[in-house]
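Reader: I would like to go through the terms used for this structure. Please set each value against its definition.

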Amino acid sequence: MALDSKVPEGPIKDKWTNYKNKINLVNPANKRHIDIIVVGTGLAGGSAAATLAELGYNVKAFAYQDSPRRAHSIAAQGGINAAKNYQGDGDSNYRLFYDTVKGGDYRSREANVHRLAEVSGNIIDQCVAQGVPFARDYGGLLDNRSFGGVLVSRTFYAKGQTGQQLLLGAYSAMNRQIARGKIEMFNRHEMLDVVKIGGKARGIIARNLITGEIERHSAHAVVIATGGYGNVYFLSTNAMGSNATAAWKIHKKGAYFANPCFTQIHPTCIPRSGDYQSKLTLMSESLRNDGRIWVPAKLEDAKAIQQGKLKPTDIAEADRDYYLERRYPAFGNLVPRDVASRAAKERCDAGYGVNATGEAVYLDFASAIERYGIEQAKIHNISNPSADKIYELGQKIVEAKYGNLFQMYEKIVDENPYKTPMMIYPATHYTMGGIWVDYNLMTTVEGLYCIGEANFSDHGANRLGASALMQGLADGYFVLPYTIGDYLSHDIRTGKIPTDTPEFDEVEKEVKDRIDFFINNKGTKSVDYFHKKLGKVMWDKVGMSRNAQGLTEAMAEIKAIREEFWKEVKVPGSANELNPELEKAGRVADFLELGELFAKDALNRAESCGGHFREESVELDGEQKGEAKRDDVNFAYVAAWEYKGEPADAVLHKEELEFKDIELKQRSYK
Amino acid sequence: MNLTLRIWRQKDSSAKGKMVDYKVTDISEHMSFLEMMDVLNEQLVNSGEEPVAFDHDCREGICGMCSLYINGEAHGPDRGITTCQLHMRMFKDGDTITIEPWRAAAFPVIKDLIVDRMAFERIQQAGGYISVNTSGNTQDANSLPISKHAADEAMDAATCIGCGACVASCKNSSAMLFVGAKVSQYALLPQGQVEAADRVRNMVAQMDLEGFGNCTNTGACEVECPKGISLDNIARMNREFLKANVKG
């Protein structure tokens, strides 16, 4: 099937407006006869469910947690971008659009990104109206800060808990609709497959996680909003339950999977400390506003630190290498995530890492504390303040900005980051790849939509900070409610979709057979054993940098792990009860297929690009020497994979990307 | 370190539960408490036993999913944290650790250490929101100035993660800290004023209906709250409730 992006004609700034003016609408009386299933209730799914219910559709929402408020969107810390230009520093819709396309290394679809920038301001208005307590300045107006990859302050925030507050906003909008009976909420339910009738998505098979009951749910359209697949690495910043099952199942039923190799490695995570570790903890990128990143300039100092013989505070200013400020004077510590991550890896690989494993760099707040302290002393008319006084005043300001992050760090690492620099290292975070969708956010299966992190569309090969929340809410509040109406306008005479059909019978049988297999398999190894094994191959060979040989090996190794999994996996307990091991088994089975497709996509993309760094593709000379080398002649396309059984047999479809409004250029942050 | 774990095992909501002892060995002091539970579960799976069911997810202290009553304290002996942020360095080699689910009639046990916190959902559905259309056609956000102080105080209240530690540590199983936090967030902001009276009445009525007890100012909830939600929120809720009822 040829890919049709359905991007509307016309100038980019008018596309979305013209499109909205021309689409078909559904009469409010008819909306009451149309059902929509929303799977996943984080920022994207929650806002979509609330808005679709507000419009009058009957919404059935599904979450694997006991409450939508626990979706992993809640963990986003730093903020949400919007081109409000409240600061008067030159921001505009065009500039947000430009920064996002450039930050994504020119691998996103222009029309989608422009639409995202256009609705960004509305998101802030909407959230404020819902009572989201964004940070305010002393005049009572909204405060902003800046994030990596941009030169303006366009990030709105609620302390270090922006994701939490935005999610609670969407959740409260959902609660209002649940109370009105317009959303039927299915907590502790997991979607295990999609049901197609006549080529259209018409329902899902879900498992009640408490009773184990397999349920059939029908609807006129199905929306997947289940987040990213970073847990394919086992260790990531994702919540333990975050999984790719819904997305992978729809892929197997005909939805193309796009750019799986575009996975963001986030530069500011707490380094791993041992093999028992279950997940990695991210520290907000906003810390790079005030924190300066460095490693020792001398190898012998680095060794002494690794052996515990020297402390970071023992290293004189002149003996520190603030490598981001050195390499990228224009953006300094605020270069985008892919650039910051690679630079950290480069220093650590060269032996300059600062913890026992050699996989950490410092994020230092000493100069920020001093700078703020001096400023505060002036404000409070304190003449000749002592160093201690300056420190005390400065610490208060840093605490007000990042207090909860510092507390979190101290609890995990057992060191006080006000007194000694934090240690950070890159970790798998957000996945830019995902289910391919057209401009309407519809997948290659009719009536099947995919929004938020689960789709591929807006971030290209790299996501700029504070853009994930923006996309989730844009899709859910403002984009999908329009585009899905155009599709559903053809369904007003369809009537209720029955669930006692052969199509439902067949998919339910597939789901039950798989569960029975797990329960009855007489294996010897736990699910986690296989997940960790997969994660190790992914990190070693499909991680921060990749090469053709490693990727070829990874594909074979993942296949072998998968074969062993189906022979040797052991799942205790029964199918008809709350059984977390059974839940994990199904998810890891899907990761074991996705991982191989991920490696195959990375092998195909023989260029370096955003979150995908191919060692064979590096600038060899000039000002950009050593930086990642993109290949626009051969790779300015979206790689959309069609399922054909084994992941290795997946067929590549290309959506050629057109850049009419932005010139493709080398990214430079120097 | 080597530890003895005394854990509440209960097959489902209708079964009778009991404490069962398990041994774990080679626990690193750097592990989180939940990672220690992972070690136990891996051990149980390998020996063909059913692992202990417990709630957890983000493991960053923010989702509010993890619970656990550890040695008689919600989220264990440390302060200002969730169970996922509790580290084994808080324990000593040879310790016996007692692990139970949240204890409250309004939070029935689903299995082992997992309880049903749907009562919190229903309280929120009774009025924990502002009735605004999600169309995006609202006024410009800066046309509604809010003092920094009010915004910060609302944020402090809104920080509640809905974990239920307040209920579990209260001798009356009161949910007032949770409800107070939610009522406060909107009571402090101009957007929430229009429906303030109905909100507090409906949420309090639902809270009572769910079977939570009353507040007797013991303060255990504030001490055990992982997010430091202050008792002031309960006082504010009471004022709001009184105001709503006086106005009629």
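Author: What follows takes the chain contact, the salt bridges and the domains in turn. This is a predicted model, in which local features need pLDDT of at least 70 and side-chain atom pairs count only at pLDDT 80 or more, while totals for chains, interfaces and linings use all residues. Residues are numbered from 1 along each chain as its sequence is written, chains are lettered from A and ligands numbered from 1 in the order in which they are written, and side-chain values use heavy atoms, with hydrogens and water left out.

Reader: What makes a residue part of the contact between chain A and chain B, and how many residues does each chain give?

Author: Contact means heavy atoms within 4.5 Å. On that basis chain A contributes 81 residues and chain B 75 residues. The area buried between the two chains is about 6200 Å², with 51% from carbon and sulfur atoms; buried area is the accessible area (1.4 Å probe) that two parts lose on being put together, summed over both.

Reader: Why is the pair Asp55(B) and Arg188(A) called a salt bridge?

Author: A salt bridge needs a side-chain nitrogen of Lys or Arg within 4 Å of a carboxyl oxygen of Asp or Glu. The closest N and O atoms of Asp55(B) and Arg188(A) are 2.9 Å apart, so the pair qualifies. There are nine salt bridges between chain A and chain B.

Reader: Which helix gives the largest share of the side of chain A that touches chain B?

Author: That is H6(A), with ten residues. Residues on this side of chain A divide into 35 nonpolar, 28 polar and 18 charged. Here Ala, Val, Leu, Ile, Met, Phe, Trp, Tyr, Cys and Pro count as nonpolar, Asp, Glu, Lys and Arg as charged, and the others, Gly among them, as polar.

Reader: How do you know that Lys13(A) and Asp14(A) form a salt bridge, and why is Lys13(A) called exposed?

Author: Their closest N and O atoms are 3.6 Å apart, which is within 4 Å, so the pair counts. Buried means under 20% relative accessible area, exposed over 50%, and partly exposed in between (1.4 Å probe, protein chains only). Lys13(A) has 56% and is therefore exposed, whereas Asp14(A), with 26%, is partly exposed.

Reader: What separates Lys584(A) from Glu581(A) along the chain, and is Glu581(A) buried or exposed?

Author: The two are three residues apart in helix H17 of chain A, so about one helical turn separates them. Helices (H or I, at least four residues) and strands (E, at least two) are DSSP runs, numbered from the N terminus. The closest N and O atoms of this salt bridge are 3.1 Å apart. Glu581(A) has 6% relative accessibility and is therefore buried, while Lys584(A), with 25%, is partly exposed.

Reader: Where do the domain bounds of chain A come from, and what are they?

Author: Domain bounds come from an automatic or database domain assignment. It gives domain 1 (12–262 + 432–490), domain 2 (267–428) and domain 3 (510–633).

Reader: How many residues does each of domain 2 and domain 3 of chain A give to their contact?

Author: Domain 2 gives nine residues and domain 3 gives eight. About 790 Å² is buried between these two domains of chain A. Asp338(A), Arg342(A) and Lys345(A) supply 49% of the area that domain 2 buries against domain 3, more than any other three residues.
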